[in-house]
Amino acid sequence: MNHTPIQLQNNEIALKIADYLNYNPCAITPEIMQDVNPSGLEPERIFQALFSGLLGLNPNNEHDRLLEETYIWKGVHELNPNEFINDPYFQYIQIPSANKNNWNFQFDIYQPYEAFICDDIVIEPNGVEIPQIGFFSHSFRYPAVYEKGQEWMAVKPSEIRSMRKPIRYVSGNVITFGLGLGYYTFMVSLKNNVEHITVVERDKSIIDLFQTFILPQFPHKEKVKIIHEDAFKYMKEQMPKERYNYAFVDLWHDSRDGLPLYLKAKKLAESIPQTQFLYWVENTLLSAKNWNQ
């Protein structure tokens, strides 16, 4: 398939950002920020300039300047920690340090000026796909679930921001595939227009940890039902018999493992027209699909 100039541009910046995040996300430090910004100018713009340089973009080159203006200035943001500290989940839920079999709950930290994905990709009408990159000026602590040493789910800025739309959108009888730390389940259970929230999770250990340490803290735990089952088996065999108004699918870690799972879920959803399906970071998955074509 021949890619358009916009798609080539999207892919170019995505590769540069991926290399930065994978290999040196903490390249910008408080010391560097202070050295280049002794007068205390706007930290976000200073960070954007440093980030662009570390991506290899030259502001004196017309093509590189276009990439900087299109992607970096629009997609790189300093985040306010209060936006997340004051989230209802953190106001109610205390996460313990606990483990069972291959799963464990623990806390991770973003270092000051560490760059990370902070939301789903923004797709503009002209096809420009802008990755959303965030940073904090101070360290930020967040809870995470690990499976065999790999982070599987965490209540951090990317999850909170990227779930706002599927939380706001749903009502009535809701089902979600994938449990993690129960952020989506918690937030949906708080909604007055949501009657029930069913969670399908295939791993009994994570269900046990959740039911022991987290679910008892829910103010509306009576709305929550957990089913121990494979998501795709449940979609295929059970969902056509049920009456769910909305389904939220969150079975993947990121676009690398998510695209085939997303496509499989989309296919199965065709046979369940009575339910409206929503998918975690769908724009990011669609971008990966276009990239692979």
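This is a short tour of a predicted model, with a few places to select in your viewer.

**Stop 1: two helices that cross**

Start by selecting residues 43–54, which make up helix H3, and residues 62–75, which make up helix H4. Their axes lie 10 Å apart, and the two helices pack at an angle of about 130°. That angle makes H3 oblique to H4, because angles over 145 would count as roughly antiparallel and 65 to 115 as roughly perpendicular. Turn the view a little and look at the handedness: H3 passes H4 in a right-handed crossing.

Now show the side chains where the helices meet. On the H3 side, pick Arg45, Gln48, Ala49, Phe51 and Ser52; on the H4 side, pick Glu68, Ile72 and Trp73. What kinds of residues make up this contact of H3 with H4? They divide into four nonpolar, two polar and two charged.

**Stop 2: two backbone surprises**

Before you move on, a bit of background: most residues other than glycine have a negative phi.

Select tyrosine 113, in the loop between strand S3 (103–110) and strand S4 (116–123). Tyrosine 113 is not a glycine, yet its phi is positive, about 70°. Is tyrosine 113 buried or exposed? It counts as buried, because its relative accessibility is 10% and the cut-off for buried is under 20%.

Next, go to valine 281, in the loop between strand S12 (276–279) and helix H13 (282–292). Here too phi is positive in a residue other than glycine, with a value near 45°. Valine 281 counts as buried, at 10% relative accessibility.

**Stop 3: aromatic rings**

How many aromatic pairs does a search of the whole structure find? It finds 23, and you can visit two of them here.

Select tyrosine 89 and tyrosine 183. Their rings form a tilted pair, 5.4 Å centre to centre, with 55° between the planes. This pair links distant parts of the chain: tyrosine 89 belongs to helix H6 (residues 88–92) and tyrosine 183 to helix H9 (residues 183–189), 94 residues apart. Both tyrosine 89 and tyrosine 183 are buried.

Now add tyrosine 92 and phenylalanine 186, another tilted pair, with 5.7 Å between centres and 55° between planes. Tyrosine 92 is in H6 and phenylalanine 186 in H9, again 94 residues apart. Tyrosine 92 is partly exposed at 43% relative accessibility, whereas phenylalanine 186 is buried at 0%.

To finish, select Tyr89, Phe90, Tyr92, Tyr183, Phe186, Phe210 and Phe218 together: they form one aromatic cluster.

Notes: Residues numbered from 1 in each chain as written. Predicted model: local features only at pLDDT ≥ 70, side-chain atom pairs only at ≥ 80, totals over all residues. Heavy atoms only, no water. Axes fitted to C-alpha atoms, helices over the stretch in contact; angles between N-to-C directions. Helix = DSSP H or I, 4+ residues; strand = E, 2+ residues; numbered from the N terminus. Parallel < 35°, antiparallel > 145°, perpendicular 65-115°, else oblique. Left-handed = near helix turned anticlockwise from the far one by under 90°. Contact = heavy atoms within 4.5 Å. Nonpolar A, V, L, I, M, F, W, Y, C, P; charged D, E, K, R; others polar. Buried < 20%, exposed > 50% of the residue type's maximum accessible area, 1.4 Å probe, protein only. Phe/Tyr/Trp six-rings, centres within 6.5 Å; stacked < 30°, edge-to-face > 60°.
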